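The exercises below can be worked through with the sequence and the coordinates side by side. Please try each task before reading its solution.

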Amino acid sequence: MNSTRIGFLVNPIAGMGGSVGLKGTDGSALYEAIRRGAKPVAPCIARRFAISLAKICMNNKCHGLTFVVAPKIMGEDYIEDLKSLINVEILEYPLGSMTSRYDTINIVKLMLLKNVDLITFVGGDGTARDIASVVNQTIPILGIPSGVKMYSSVFAVSPESAARLVFEFYRGRTNIVESEIL
């Protein structure tokens with residue numbers, strides 16, 4: 001039986017700027033996006049990923065797969081479909097009402113302490129940069145696209161393809177390549 005630990009986190013504001021004509025939600029752009037009426041898109045994408053992975057695991061038995069998940073709106077809130085199919089560990093980390101890149105960075109540090117084999121995240125290029133700055137090429141990362149700017153090759157093409165890639169990683173059937181994060 002394969003034993004694999006996957007870190008999972010969500011940037012809950014990623015992608016909000018795109019629907020209102022902004023190029024992301026980095027820095028003060030978040031407040032402008034909210035002012036323009038932007039709504040979160042990352043939660044729906046995170047749920048699509050979790051539902052897709054749950055379907056795969058129902059058909060293929062993912063014994064030995066553990067998800068190490070960020071708390072609340074940064075991960076835990078979107079994985080209900082997975083909880084009965086795989087092992088889930090929710091990280092203890094105090095989240096405020098608004099999350100920031102510092103939350104992402106600190107949660108990734110906690111995931112590394114939990115010896116994850118892969119970090120999967122919902123976000124855009126900014127989230128990818130923050131995660132890569134902590135991981136520093138010690139383990140692979142896989143992005144589930146929800147941001148406005150996704151030029152980095154770390155991203156799957158959809159939440160469903162990311163779920164398939166995670167399953168293939170768990171089965172030991174992936175080729176990991178180093179690539180640039182923009």
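**Exercise 1. A salt bridge and its surroundings**

The side chains of which two residues meet in a salt bridge of 2.6 Å, N to O?

Before the solution, two remarks on the material are needed. This is a predicted model, in which local features need pLDDT of at least 70 and side-chain atom pairs count only at pLDDT 80 or more, whereas totals for chains, interfaces and linings use all residues. Residues are numbered from 1 along each chain as its sequence is written, and side-chain values use heavy atoms, with hydrogens and water left out.

Step 1. Apply the criterion, by which a salt bridge is a side-chain nitrogen of Lys or Arg within 4 Å of a carboxyl oxygen of Asp or Glu; the pair sought is Glu 32 and Arg 35, at 2.6 Å from N to O.

Step 2. Place the pair in the secondary structure, where helices (H or I, at least four residues) and strands (E, at least two) are DSSP runs, numbered from the N terminus. Both Glu 32 and Arg 35 belong to helix H1 (residues 29-35), and they are three residues apart, about one turn of the helix.

Step 3. Compare the accessibilities, with buried meaning under 20% relative accessible area, exposed over 50%, and partly exposed in between (1.4 Å probe, protein chains only). Glu 32 is partly exposed because its relative accessible area is 23%, while Arg 35, at 61%, counts as exposed.

Step 4. Look for further partners: Glu 32 and Arg 35 are linked with Arg 36 in a network of salt bridges.

**Exercise 2. Salt bridges between distant parts of the chain**

Find how many salt bridges the structure holds, and locate the partners of Glu 89 and Arg 48.

Step 1. The count for the structure is seven salt bridges.

Step 2. Glu 89 pairs through its side chain with Arg 5, at 2.9 Å from N to O. This pair links distant parts of the chain, since Glu 89 lies in strand E3 and Arg 5 in strand E1 (residues 4-10), 84 residues apart. With a relative accessible area of 29%, Glu 89 is partly exposed.

Step 3. Arg 48 meets Glu 160 in a salt bridge of 2.8 Å, N to O. Here too distant parts of the chain are linked, Arg 48 being in helix H2 and Glu 160 in helix H5, 112 residues apart. Arg 48 is partly exposed at 35% relative accessibility, and Glu 160 is partly exposed at 25%.

**Exercise 3. A nonpolar surface patch**

Which residues form a nonpolar patch on the surface together with Met 98?

Step 1. Met 98 forms the patch with Tyr 31 and Ile 34, and the accessible area of the three together is about 330 Å². Patches are made of residues with over 30% relative accessible area and no salt bridge, like charges being joined within 9 Å and nonpolar side chains (Val, Leu, Ile, Met, Phe, Trp, Tyr) within 5 Å. Accessible areas come from the Shrake-Rupley method with a 1.4 Å probe, and for residues only the protein chains shown count as cover.

Step 2. Locate two of the members: Ile 34 is found in helix H1, whereas Met 98 sits in the loop between strand E3 (87-90) and helix H3 (101-113).

Step 3. Check their exposure: Ile 34 is partly exposed at 43%, and Met 98 counts as partly exposed at 44% relative accessibility.

**Exercise 4. Positive phi angles**

Where in the secondary structure are Lys 61 and Asn 115 found?

Step 1. Lys 61 lies in the loop between helix H2 (42-60) and strand E2 (65-69), and Asn 115 in the loop between H3 and strand E4 (118-123).

Step 2. Consider the backbone: although Lys 61 is not a glycine, its phi is positive, at about 55 degrees. Asn 115, also not a glycine, has a positive phi of about 60 degrees.

Step 3. Add the accessibilities: Lys 61 is exposed, with a relative accessible area of 52%, and Asn 115 counts as exposed at 56%.

Step 4. For a distance to try on screen, take Lys 61 and Asn 136, which are 75 residues apart in sequence and 32 Å apart in space, C-alpha to C-alpha.
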